[in-house]
Amino acid sequence: MLKNQVLWSTLVDNVPHFPQLQTDINTDVCIIGGGFTGLSAAIHLAEAGHRVVVVESLEVGSGGSGRNVGLVNAGTWAQPDELNKYLGEKVGEKLTTALGHAPQLVFDTIDRLGIQAQDTRTGNLHMAHNSEGEADIDHRYLQLSRRGANVEVLTGAKCHEYCGTKVVQKALLDKRAGTINPYAYVTGLAQAAKRLNVEIYENSSVNEIVKSDSQWCVKTTSGSITADKVVLATNAYTQGEWTEILKTIYFVKYYQIASEPLTGSIADKILPYKNGSWDTRLALSSIRRDKENRLLLGTVGGHEGKESIYHSWADLITQKYFPELGKLKWQYQWTGKFGFTTDHIMRIFEPAPGIVAATAFNGRGITTGTLMGKAFAQYLQDDDRENLPLPFSDLESSKVSFRNARAMFYDCGITLYHAGQCLRIIS
């Protein structure tokens, strides 16, 4: 039976639970959002001896961090040379370098804190689905290898072996990358933060931040936190209109579906090294396995009210890449969302002295969130902007015009794209 449920939480035992904030607290730093960014910041601040409180509107891992695909990827969606055009060469190269090291930061964090993240470290595959995709792979390889990245272009038999399909003739293997169970990672971060005496409160939505003498007062419906510094780490799951940060992104949904566990020699040939992967389609298809050997597919778009299209899409992609599997039985499906900007480049803000925020990870939340949490923790201690991976953006000029309409039109366009795939109008 196909369940409307996030798979990842079913693969984790001993999930931590935290109380609701029901009192008034004074602390050094208040972090709003219990995801990758917020918990990474909390851990690094606590390790430096600071008192930290984290407030989460729902439960740790209920937002984007727990609904993630689980690909630990380096860099951004934009190619390095494109980043330089948008940001300038100095800033672009700085961000590319920082995010190039981010997968190792994630894996080092897992090891250092003893997190059972169900991780693989065999690299991820960017698979060309046609000749244009192959040219894109070559272009990315040249840019990345020129900067010393540990990447390899796979062709022929080696490409077929790694991808588990003969349909793909060329793929870029990024050996820096890997996969995790994102829910296991984020809840593991929460447990590590708790061991460091970070106070975490769930089901505690923030409805206001006000100045209180020389400090900030973060108010929830049943309590408050007075702090010297505040980190806004809610990104696409910011609730309410209490912060202008929400207006700097528009939402893009992402759909995932997981099969029943696969067995047998045929199944063993599908991504045999447990690499994560995604293809070069306009509306990409992500493909990976989990620890119980399910096949997981993902793509941009939301399935609510359009189940038949997305189920047909999943069957089509399976048949396209892995026809020998036959028709699979699907077990779980779910949707998440991430914050997008028009140029697909993240933003960081300092809307007032003592408050920092990060938005628009554009689908790279695991590595970017872990990196930004660490960077914010350092910045709040030394006030040195040079330690940040990119400069603060101006809040007003970063606002996305017609953001709700943009999100709606994007979702409609993606649905039509997938319908075209299912009707064999689009390859």
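At what angle do the axes of helix 5 and helix 8 cross? In this predicted model, local features need pLDDT of at least 70 and side-chain atom pairs count only at pLDDT 80 or more, while totals for chains, interfaces and linings use all residues. Residues are numbered from 1 along each chain as its sequence is written, and side-chain values use heavy atoms, with hydrogens and water left out.

The answer is roughly 50°, with the axes of helix 5 (residues 102–113) and helix 8 (residues 182–195) coming within 11 Å. That makes helix 5 oblique to helix 8 (under 35 degrees would be roughly parallel, over 145 roughly antiparallel, 65 to 115 roughly perpendicular, and the rest is oblique). Axes here are lines fitted to C-alpha atoms, for helices over the stretch in contact, and angles run from 0 to 180 degrees between N-to-C directions. Helices (H or I, at least four residues) and strands (E, at least two) are DSSP runs, numbered from the N terminus. Contact, meaning heavy atoms within 4.5 Å, is made by Val-106, Thr-109, Ile-110 and Leu-113 of helix 5 with Tyr-185, Leu-189, Ala-192 and Arg-195 of helix 8.

What about helix 5 itself? The buried residues of helix 5 (under 20% relative accessible area, 1.4 Å probe, protein chains only) include Ala-102, Pro-103, Leu-105 and Phe-107. Among the partners that the buried residues of helix 5 pack against are helix 1 (36–47), helix 4 (89–100) and helix 11 (365–382). Right after helix 5 comes Gly-114, with a positive phi near 65°.

Two of those partners also pack together: helix 1 and helix 11 sit at about 40°, axes 7 Å apart, and are therefore oblique to each other.

Notes:
Buried < 20%, exposed > 50% of the residue type's maximum accessible area, 1.4 Å probe, protein only.
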